[in-house]
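Work through the exercises below with the sequence and the model beside you, and try each task before reading its solution.

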Amino acid sequence: MSKGRIALILSAVVLAVLMALLPKVIINKDSKGEFAANGTASSAAPDHDPNHEGHEDHATETPAPAAGAGEAHMTATPAQLKEIAELRAKFNREASGQAKSKVAEELAQKYTAIAKHDSAGYFYEQVAAVRPGEKTFQRAADQYFEAFTFAATQERSQLLGKKAQDLYAQVLKNNPANLDAKTNLAMTYIASETPMQGITLLREVISADPKNQKALFNLGVLSMQSNQYDKAVGRFQELLAVNPSHIDGTFYLGVSLAETGKKQEAQKAFLRVKELSKDPEVLASVDSYLQKINSAK
């Protein structure tokens, strides 16, 4: 797995940015993604114990933040922890499903605010059990998906990915045209033992919406993962035709162009990132890549 990451990004700084964007287990050189037509469950997730935090991911995971990824590093204040503890006690005291659901929604919001996405997913799941529907299932699924993307171990990734899969299945049962849910579901499968199931879903999304930004971005990254940088360039160019200000897409276009030897075009892409982003981590990664390009001339 680490070999795949190294092959994907030659710079250690750039690698840190990539790992902040995607589940660790997705970056696997041995997987065959979109990657030609021939390209490439997790154990059942146990019930979450609402009296046990279990946030190993957030305690041990320290990826460098990419654009918008800073929330993964939040630390709860004593006041927030006190409020959560009081709400948890209230949740345990409530007898009726409706009353517990109301408190569960408050707890989910509190956990979301401190980026404890697995617990937020659990409590949104309690809400969905009382008020099942597309939106309630998706709130729970999205939180488990966020936790999945920051999973520190493959075991945790599988557990959280399976929870997200089950809930996204309920979302799509309610609305098969929910492309956002289908795209996230695809990414959980790509990190599992059945990656082609995820590729198939992404292709379905692109077929339904050729300009879907999330699907185009993920297909681009997956092409990079399999060292098919020419395909990655095409995907990121499609993405930027839809959204010229997509920072991550512009960054990875630069990486892909550099890997295909188009250093002048890569340099233009990286300079464009510097126009779009003021994030110091992103800018440091760009400068690292520009230095490598210039030193290779």
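A residue is called buried when its relative accessible area is under 20%, exposed when it is over 50%, and partly exposed in between, using a 1.4 Å probe and protein chains only. Helices are DSSP runs of H or I with at least four residues, numbered from the N terminus. This is a predicted model, in which local features need pLDDT of at least 70 and side-chain atom pairs count only at pLDDT 80 or more, while totals for chains, interfaces and linings use all residues. Residues are numbered from 1 along each chain as its sequence is written, and side-chain values use heavy atoms, with hydrogens and water left out.

**Exercise 1.** Decide how far helix 13 is enclosed by the rest of the structure.

*Solution.* Begin by locating helix 13, which covers residues 247-259. Next, list its buried residues, among them Ile247, Phe251 and Leu257. Twelve of the 13 residues are buried, so helix 13 is largely enclosed by the rest of the structure.

**Exercise 2.** Find which parts the salt bridge between Glu105 and Arg131 ties together.

*Solution.* A salt bridge needs a side-chain nitrogen of Lys or Arg within 4 Å of a carboxyl oxygen of Asp or Glu. For Glu105 and Arg131, the closest N and O atoms are 3.0 Å apart. Glu105 lies in helix 5 and Arg131 in the loop between helix 6 and helix 7, so the pair ties together parts that are 26 residues apart in sequence. Finally, compare accessibility: Glu105 is buried at 19%, whereas Arg131 is partly exposed at 34%.

How values were computed. Helices (H or I, at least four residues) and strands (E, at least two) are DSSP runs, numbered from the N terminus. The expected span of a helix is 1.5 Å times one less than its number of residues.
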